[in-house]
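These are my notebook entries on a few places I looked up, taken one at a time.

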Amino acid sequence: MIERLQVSYLRNLSQVNMQAAACNVIIGANGSGKTSLLEAIFLLSRGKSFRHSQPKRYVQHHQPAATAHAKLSDGSTLAIQKQADATTVLRLNQSTVYNQSILTEQLPTLLIDPSTMDMLEQGSASRRQLLDWLVFHMKQGFHPQWVAYQRLLKQRNSLLKQTKHLSQSQQAELKSWDKGLANHAALIHHYRASIFEAWQPYFAQSIAQLLPTYAQQLSLSYSPGYDVSLPFDEQLQERLPQDLQLGYTRIGSHRADVHVHWRSDSADIDTKLPALKEQAANILSRGEKKLLITALRLSQLPLLLNSLETADTLQPTNQTHATPVVLLDDITAELDERALEILLATLSRLPCQVFITSLTDDIVPLINKYWSAPNMFHMKQGVLSAY
């Protein structure tokens, strides 16, 4: 859990020093810097912003770099410095580290904000990342396989972009890469499929709370991105002519997806029509989609926390597991009162830390209902003060 957070020169946050509790509420007008504070925590955890991919967009004007620093409850410290040219410095306990995953392991963050409310209609990347966040934190072997796969994929795509006709040596090199991709893809799929199976009952529980009308009609499916019943390297070779024309690899673990399906209650007995199965995004209203996406994200926390408890029971260690940090940005604008109450009640029962932003103090009575000692802050023009 974050005990103290310091942010420098990120957007309009010149210098922020925040003493954090289990529940933290930041109230302020639009443009005051509330979301930027959550952005700093996300940046520290993921190495990137959820608002813009280019650091020059969030490093304060005329400043060389933006910095986020956190002291955790176990005494460890994390820091990230992002320069406008994307140069990054990472530190763990005052020592420089070179992989963002090291900080990510220490500070798992889950974001629920307006920008994520369209993931059902967007491309597969955001839905795939939803699953991979779980797999990363629950399966230790996943990340090295994913990194190795991405490295080979980058090499393969680079070659595909260079030429439409491969020499014999290039063909041999490509076959070697395809073998490596197949090996990594098999393990990536194994990890993903295992976690996806464990995730489903938690998702069903969240849907029963947030969308009880559709509790029996909504279901998840996982697509690996290729046909796992056939050798992946052979599939890549079969599709090579088309990949050369397009200049990129069209199938593989990088194209995996998670779908939410809506199925009608039952087959029509009179007409003998089968039950209909459709993408949930094509059936639900915008408000219902928001609840569905909230259920997707909310269902991940108890799964992650229960897996850590199980791991400790099976193999006790002296290691302290990282506390998940949940970032809720302006959720009063996205969720109705009933959904908001379910969300906050669920979070208050879980051993996680929460940072919540709100335009007004209307949310305060609800916060006090579920947390005994929340920290309340006011943000104005990038300056944070006690509320």
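For the first entry I needed a cut-off: I took a polar contact to be a pair of N or O atoms within 3.5 Å, where, within protein, one must be able to donate a hydrogen and the other to accept it. I also kept in mind that this is a predicted model.

Entry on Q235. I located Q235 in helix 6, which covers residues 232-238. I then looked for a polar partner of its side chain, and found that a polar atom there lies 3.1 Å from the backbone oxygen of L230. Leaving aside residues up to four places away in sequence, I listed what Q235 touches, namely Y226, D227, L230 and I251. Is Q235 buried or exposed? I noted Q235 as buried, because its relative accessibility is 9% and the cut-off for buried is under 20%.

Entry on helices 3 and 4. I looked up how helix 3 (residues 124-138) and helix 4 (residues 142-162) are arranged, and found that their axes come within 8 Å and cross at roughly 125°, so I recorded the two helices as oblique to each other. On the helix 3 side I noted D132, V135 and F136, which meet F142, H143 and W146 of helix 4. Sorted by class, this contact has four nonpolar residues, one polar and one charged.

Entry on helix 10. I checked the length of helix 10, residues 337-349, because its 13 residues at 1.5 Å a residue should span 18 Å, and the end C-alpha atoms are indeed 18 Å apart, which agrees. I then wrote down the buried residues of helix 10, which are A339, L340, I342, L343, L344, A345, T346 and L347.

Note on methods:
Residues numbered from 1 in each chain as written. Predicted model: local features only at pLDDT ≥ 70, side-chain atom pairs only at ≥ 80, totals over all residues. Heavy atoms only, no water. Helix = DSSP H or I, 4+ residues; strand = E, 2+ residues; numbered from the N terminus. Expected span 1.5 Å × (residues − 1). Buried < 20%, exposed > 50% of the residue type's maximum accessible area, 1.4 Å probe, protein only. Contact = heavy atoms within 4.5 Å. Axes fitted to C-alpha atoms, helices over the stretch in contact; angles between N-to-C directions. Parallel < 35°, antiparallel > 145°, perpendicular 65-115°, else oblique. Nonpolar A, V, L, I, M, F, W, Y, C, P; charged D, E, K, R; others polar.
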